[in-house]
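Thanks for making the time this morning. I would like to walk you through one model, starting with how far it can be trusted and then moving to how it is put together.

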Amino acid sequence: MTRIQPGGRTAAVSAYIGIGANLGDPVAQVRGSFARLAVEVPDTRLAGRSRLYRNPPMGPPDQPDYVNAVARLHTRLTPRELLHALQAIEQRCGRVRDGQRWGPRLLDLDLLLYGDRVLDEPGLAVPHPGVAERNFVVLPLQELAPGLEIPGCGPLAALARAFDPAALIPVEESGDSAAEAAAGEPPPGRRAGAGA
């Protein structure tokens, strides 16, 4: 359980952030979000990051593929404060919330997990709804914390066994695939319909 320190601040908690983009230069947006999380979120430090992966969009098919990753933060912010900090970064990166679900995004930052907390409040649900059904969340999470237990869902390792790791396409970290990712072009040999 999260401990509250005198003065109302929480003790440091591990929080996991889902990162995604499919407009502009998605690779640059996702990579840049790691730096933004490290310097723009108060009382927080970036403690780890997964590789970047390309996958088809969950929503309307007439949009470019997404580039996704997961970051681990150690934060003293409350869940609500952290959510507001993530939304502020999205806004600074040009995201406009128009109510469209699963549509194209310049940047999407989702609070996936906040320690072992389970919250269901207006505008804030932790764990993030659907976290256990999304390969582009579960598999990068497993990179960062293979022994993690997702409250209400069980061990991450068991959840990961339900997904084919080949369904996510790793993005080259050298930057060679940045133009390809921006264009939404699948790499040669990619299986049609892979991912979720």
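Over residues 175-196 the pLDDT stays under 50, although the model still has 41 contacts for that stretch beyond four places in sequence. I raise this at the outset because what we are looking at is a predicted model, in which local features are taken up at a pLDDT of at least 70. The other end needs similar care, since residues 1-6 also have a pLDDT below 50, and that stretch has 15 contacts beyond near neighbours in sequence. For the protein as a whole the average pLDDT is 82, and 79% of the residues score at least 70.

With that caveat stated, let me turn to the overall picture. There are five helices and ten strands, and 48% of the 196 residues count as buried. The accessible surface comes to about 9300 Å², with 54% of that area belonging to carbon and sulfur atoms. If you take the contacts between residues at least 6 apart in sequence, 69% of them join residues that are at least 24 apart.

Which strand shall we use as a way in? I suggest β4, where nine of the ten residues are buried, so the strand is largely enclosed by the rest of the structure. β1 pairs with β4 in the antiparallel sense over nine bridges, and within that pairing isoleucine 17 has alanine 71 as its bridge partner in β4. Strand β2, residues 44-49, also runs antiparallel to β4 and is joined to it by five bridges; here arginine 45 stands opposite histidine 74. Strand β3, residues 53-55, is joined to β4 by three bridges, again antiparallel, and in this case arginine 54 is the residue opposite valine 67.

One residue of β4 deserves a separate word, namely threonine 75. Is threonine 75 buried or exposed? It counts as buried, because its relative accessibility is 1%, and the cut-off for that term is under 20%. Its side chain reaches the backbone nitrogen of leucine 77 at 3.0 Å.

Now to the packing. As a general point, nonpolar side chains in soluble globular proteins tend to be buried together. In this model the largest nonpolar core has 30 residues, and among those with the most contacts inside it are Ile17, Ile19, Val30, Leu37 and Leu111. At least two residues of this core come from each of β1, α1, β4, α2, β5 and β7. To see one member in its surroundings, take leucine 37: once its neighbours within four places in sequence are set aside, this leucine is in contact with Ile19, Ala71, Leu73, Leu86 and Ile89. There is also a second, separate core of 21 residues, which includes Leu113, Ala132, Leu144 and Leu168.

I will finish with a residue in a loop. Where does glutamate 172 lie? It sits in the loop between β10, residues 169-170, and α5, residues 178-183. Glutamate 172 is exposed, because its relative accessible area is 51%, and the term applies to values over 50%. Along the chain glutamate 172 and valine 27 are 145 residues apart, yet their C-alpha atoms are separated by 9.6 Å. When you look at α5 beyond this loop, please keep in mind that the pLDDT is under 50 over residues 175-196.

Methods:
Residues numbered from 1 in each chain as written. Predicted model: local features only at pLDDT ≥ 70, side-chain atom pairs only at ≥ 80, totals over all residues. Heavy atoms only, no water. Core = buried A, V, L, I, M, F, W, Y, C linked by side-chain atoms within 4.5 Å. Buried < 20%, exposed > 50% of the residue type's maximum accessible area, 1.4 Å probe, protein only. Helix = DSSP H or I, 4+ residues; strand = E, 2+ residues; numbered from the N terminus. Contact = heavy atoms within 4.5 Å. Areas by Shrake-Rupley, 256 points an atom, 1.4 Å probe, with all protein chains shown as cover. pLDDT = per-residue confidence, 0-100. Pairing = 2+ DSSP bridges. Polar contact = N/O pair within 3.5 Å; in protein donor to acceptor, adjacent residues only side chain to side chain.
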